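Here is a short exchange on how to read ligand sites and the strands and helices beside them.

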Amino acid sequence: MKLNQFVIIGLGRFGSSLGRELIRLGYEVLGVDRDEEKVQEMSGMLTHTVMADATEEDVLRSIGARNFDCGVVAIGDDIQASILATILLKELGVKKVVAKAVSDLHGRVLERMGVDRIIYPERDMGVRVAHQLVSPNLLDYIELSQKYTIAELAVPQCWSGKSLADVDLRGKFGCSIVAINKPGGIIIAPAAKDVLSKEDVMVLIGTNDQIEECQESFH
Ligand code: ATP
Ligand code: ATP
Ligand code: CA
């Protein structure tokens, strides 16, 4: 299912940033906030903005919330409002409901309500930043499971000018490079003869231990 139209409830820092990025990616976004200032701030940036209290059923009905493919509840501090807006979106039949949680308990409540995806922005960002601080070459990563990770790493100086065969990543560490992002373009499924350069970003797949060992070998 392709999601095209989004309704975002709450245009705080998280909701407004999400909305701007969805617009940049070419999607339609309706932003709802009860604070007039927030609505005005975002009015030129989103497809539509509405000043309303999203805990009122009539309000959500009148803006046609049920016609949206995805609803994001980006209210944090007011947990009651977050829960009410979430249940209303679900009851109206919004296909996919995503909500931001400010605490573990808040998240557990949302989970019980059948929210499709729960986001803990501060907690998750803290975890990501910790990984990046201890591994200076690490740009980003996706945990595939408890054991396997895909990591985006800046090519270290010591590997610049070397081919994959020279570095022998599979032989030495057991992980593989699935792509090399070069300033001139991306190489998908690179071969042994492909050469790394310090301007490149390599995308590695392997176990957490393999990727860690690989990074420890950088000097
Ligand atoms: P952020 O960290 O993203 O800035 P936050 O976690 O601090 O947000 P709040 O500031 O509580 O969360 O809420 C985000 C936005 O949601 C605010 O702009 C607020 O006006 C709006 N909001 C809160 N309750 C409602 C509601 N019932 N209806 C509509 N908007 C609401
Ligand atoms: P081997 O000869 O060691 O069995 P192979 O049959 O895969 O490896 P090549 O494809 O020529 O032979 O690769 C030689 C070496 O280059 C591999 O052992 C590996 O260390 C490295 N290599 C090649 N492609 C990649 C890749 N995509 N990611 C990581 N390492 C690679
Ligand atoms: Ca806050």
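The dialogue below takes the two ligand sites in turn.

Q: What kind of model is this?

A: This is a predicted model, and the distances and areas below are computed from it.

Q: How do strands S2 and S3 run, parallel or antiparallel, and how many bridges join them?

A: Strand pairing is read from the bridges. Here S2 (residues 28–33) and S3 (residues 48–51) run parallel, with four bridges between them. One of the bridge pairs is aspartate 33 with methionine 51 in S3.

Q: Which unit do S2, H2 and S3 make, and what is its handedness?

A: Follow the path from one strand over the helix to the next. With helix H2 (residues 36–43) between the strands, S2, H2 and S3 form a β-α-β unit that is right-handed.

Q: Which residues come nearest to ligand 1?

A: The shell around ligand 1 holds 19 residues, and the nearest are Arg13, Phe14, Asp33, Asp53 and Lys100. Asp33 is thus both a bridge residue, paired with methionine 51, and one of the residues nearest to ligand 1.

Q: Which polar atoms of aspartate 33 and arginine 34 meet ligand 1, side-chain or backbone?

A: Look at which atom of each residue is involved. For aspartate 33, a side-chain N or O atom is 2.6 Å from an oxygen atom of ligand 1. For arginine 34, a polar backbone atom is 3.2 Å from a nitrogen atom of the ligand. Lysine 38 also takes part, with a polar side-chain atom 3.1 Å from an oxygen atom of ligand 1. On its own, ligand 1 has 620 Å² of accessible area, and the protein covers 89% of it.

Q: In which pocket does ligand 1 sit?

A: Ligand 1 sits in the second largest pocket.

Q: Which elements supply at least two residues each to the shell around ligand 2?

A: A shell can be sorted by element. For ligand 2, helix H7 (164–167), helix H8 (169–172) and strand S9 (176–182) each supply at least two residues. H8 gives the largest share, three residues. The residues around ligand 2 include Asp168, Cys175, Ile177 and Pro190.

Q: What are the polar contacts of ligand 2 with aspartate 168, isoleucine 177 and proline 190?

A: The side chain of aspartate 168 has an N or O atom 2.5 Å from an oxygen atom of ligand 2. Nitrogen atoms of the ligand lie 2.8 Å from a backbone N or O atom of isoleucine 177 and 3.3 Å from one of proline 190. Ligand 2 alone exposes 580 Å², of which the protein buries 56%.

Q: How does S9 pair with S10?

A: S9 and S10 (residues 185–188) are antiparallel, with four bridges. Asparagine 181 is bridged to isoleucine 186 in S10, and a hairpin of two residues joins S9 to S10.

Technical notes. Residues are numbered from 1 along each chain as its sequence is written. Chains are lettered from A and ligands numbered from 1 in the order in which they are written. This is a predicted model: local features need pLDDT of at least 70, side-chain atom pairs count only at pLDDT 80 or more; totals for chains, interfaces and linings use all residues. Side-chain values use heavy atoms; hydrogens and water are left out. Two strands pair if DSSP finds at least two bridges between them. A crossover is right-handed if, with the strands pointing away from the viewer, the path from the first strand over the helix to the second runs clockwise. A residue is near a molecule or strand if one of its heavy atoms lies within 4 Å of it. A polar contact is a pair of N or O atoms within 3.5 Å; within protein, one must be able to donate a hydrogen and the other to accept it, and residues adjacent in sequence count only if both atoms are side-chain atoms. Accessible areas come from the Shrake-Rupley method with a 1.4 Å probe; for residues, only the protein chains shown count as cover. On a 1 Å grid over the protein atoms alone, a cavity is a set of points where a 1.4 Å probe fits but cannot get out, and a pocket is an open set with protein on both sides within 12 Å along at least five of seven lines; lining residues have an atom within 4 Å of a point. A molecule sits in a cavity or pocket if more than half of its atoms lie within 2 Å of its grid points.
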